[in-house]
Amino acid sequence: MLKDLFHKKNSQDKGYAVITVQKERSAKELDYAAKYSFEKKKVEEEPQEGLLTCKGCSAKLNKDEVANNKGVCPQCSHHFRMRAIDRINMTVDSGSFIEYDTDIRTVNPLEFEGYAEKLDQAREKSSLEEAVVTGEASIDKSPCVICAMDSAFMMGSMGSVVGEKISRAVEKAIEKSLPVIIFATSGGARMQEGMLSLMQMAKTSAALGKLDDAGLLYISVLTDPTTGGVTASFAMLGDIIIAEPKALIGFAGPRVIEQTIRQKLPEGFQRAEFLEERGFVDMIVHRHEMRDKLSSLLKIHSMGGDINE
Ligand SMILES: [Zn+2]
């Protein structure tokens, strides 16, 4: 129903998004994969050109070394934030990724002051149209639909287009009987789109409900940080929920919670390990093992649970 509304609004040319002719593009055409596109530090924090400081152990690290180590600190295993396309590239079989919905463009539905400029800046900074990249690919020859959010685009916040792209990807998975993997990273719902952003929580959840009805697997991978409306919707709906080590995962920030409940929060609150202990997360997987873990989960699932077949 929400989707109907989306189309209706759109046909009046005053919608949540502008959709031009759809085309799918291959990995080769993706022109935005920057070489050092994992977490970019602010210039003033960089001690020297080509170096970055690890947030985990404060070591001064060579950017190349970190990039070659999949964005993981070689000394303390701190997981740097990653760009969506790098994450997809390191997860899927080389050349197998076909991107969906490259031509949906976010507009300013509420005419929120300064939003159009913010969008332009985000496009420029991230070389992306929105905060999620969706498509299909294979992982160790197992086909799947894969979505990766990108914190370089307005902190991975979820507006109408992010919700629409994820919902469409899930619907495509149902159509093709494919499992879905979503790598989440988000500051939450995008305030500049107000209620329309909050509606995406219901829309993505409803799409995943249909995926579940179709008996298809959904693996949610929580990466640092996964917060707000994304945590409160599709990120927590995985049949299997994986998190990267030490990822911040929560709804409201710790300061807001402390002020509300007037209590000091326990050590490690909202970190992946804390949530795993309490059953919110099924497993914590090191980035170096992520592809193998996803591959074996997809294979077990496609065999109907019989791993000896
Ligand atoms: Zn480190």
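# Close-up views of a predicted chain

**View 1. Four cysteines gather in one spot.** In an unreviewed UniProt entry, the annotation "binding site" covers Cys54, Cys57, Cys73 and Cys76. They are spread over 23 residues of sequence, yet they cluster in space, with a largest C-alpha distance of 8.7 Å. (UniProt positions are given in the numbering used here, feature names are shortened, and annotations may be inferred rather than shown by experiment.) What you're looking at is a predicted model, where local features need pLDDT of at least 70 and side-chain atom pairs count only at pLDDT 80 or more, while totals for chains, interfaces and linings use all residues. Residues are numbered from 1 along each chain as its sequence is written.

The same unreviewed entry type turns up for "zinc finger region: C4-type", which UniProt lists at residues 54-76. Over residues 54-76 the chain is 26% helix and 13% strand, and the end C-alpha atoms sit 9 Å apart. (Helices, H or I with at least four residues, and strands, E with at least two, are DSSP runs numbered from the N terminus.)

**View 2. Now for Cys57 and Cys73.** Cys57 is in the loop between strand E3 (51-53) and strand E4 (60-62). Is Cys57 buried or exposed? Cys57 is exposed, because it has 12 other C-beta atoms within 10 Å. (A residue is buried if 20 or more other C-beta atoms lie within 10 Å of its own, exposed if 12 or fewer, and partly exposed in between; C-beta atoms are placed from the backbone.) Cys73 has its place in the loop between helix H2 (63-68) and helix H3 (84-91). With 19 C-beta neighbours inside 10 Å, Cys73 counts as partly exposed.

Which residues does Cys57 contact, leaving aside its neighbours within four places in sequence? They are Cys73, Gln75, Cys76 and His78. (Two residues are in contact if their C-beta atoms, placed from the backbone, lie within 7 Å.) Not counting residues up to four places away in sequence, Cys73 touches Cys54, Gly56, Cys57, Ala59, Leu61, Val66 and His78.

**View 3. Helix H4 has a buried side and an exposed face.** H4 (residues 115-126) has 12 residues and reaches 16 Å from its first C-alpha to its last, close to the 16 Å expected at 1.5 Å a residue. (The expected span of a helix is 1.5 Å times one less than its number of residues.) In H4, Tyr115, Leu119, Ala122 and Ser126 are buried. They cover an arc of only 65° around the axis, so they end up on the same side of H4. (That arc is the one made by the directions from the helix axis to the C-beta atoms.)

The buried residues of H4 pack against strand E6 (104-106). Turned away from that buried side, the other face carries the exposed residues Glu117, Asp120, Gln121, Glu124 and Lys125. Right after H4 comes Ser127, with a positive phi near 55°.

**View 4. Strand E7 pairs with E5 and E8.** How many of the 8 residues of E7 (residues 132-139) are buried? The count is 7, so to speak a strand that is mostly covered. E7 and strand E8 (residues 142-149) pair in the antiparallel sense over 8 bridges, with Thr134 standing opposite Cys147 in E8. (Two strands pair if DSSP finds at least two bridges between them.) E7 and E8 form a hairpin with 2 residues between them, and Asp140 in the turn has a positive phi of about 50°. Strand E5 (residues 98-99) is joined to E7 by 2 bridges, and the two run antiparallel. The bridge partner of Glu99 in E7 is Gly135.

**View 5. Gly188 and helix H6.** Gly188 lies in the loop between strand E9 (180-186) and helix H6 (194-213). Gly188 is buried, because 24 other C-beta atoms lie within 10 Å. Gly156 is 32 residues away along the chain, and the C-alpha atoms of the two glycines are separated by 7.5 Å. Leaving aside neighbours within four places in sequence, Gly188 is in contact with Ser157, Thr227, Gly228, Gly229 and Val230.

As for H6, its 20 residues reach 30 Å from first C-alpha to last, close to the 28 Å expected at 1.5 Å a residue. Among the buried residues of H6 are Leu196, Met201 and Leu208. Just after H6, Gly215 takes a positive phi of about 75°.

**View 6. Stepping back to the whole chain.** The chain holds 10 helices and 12 strands, and buried residues make up 43% of its 309 residues. The average pLDDT is 88, and 83% of the residues score at least 70. (pLDDT is the predictor's confidence in each residue, from 0 to 100.) Over residues 1-14 the pLDDT is below 50, and this stretch has 12 contacts in the model beyond near neighbours in sequence. Residues 26-44 also have pLDDT below 50, with 30 contacts in the model beyond near neighbours in sequence. Where pLDDT is low, the predicted coordinates should not be read in detail.
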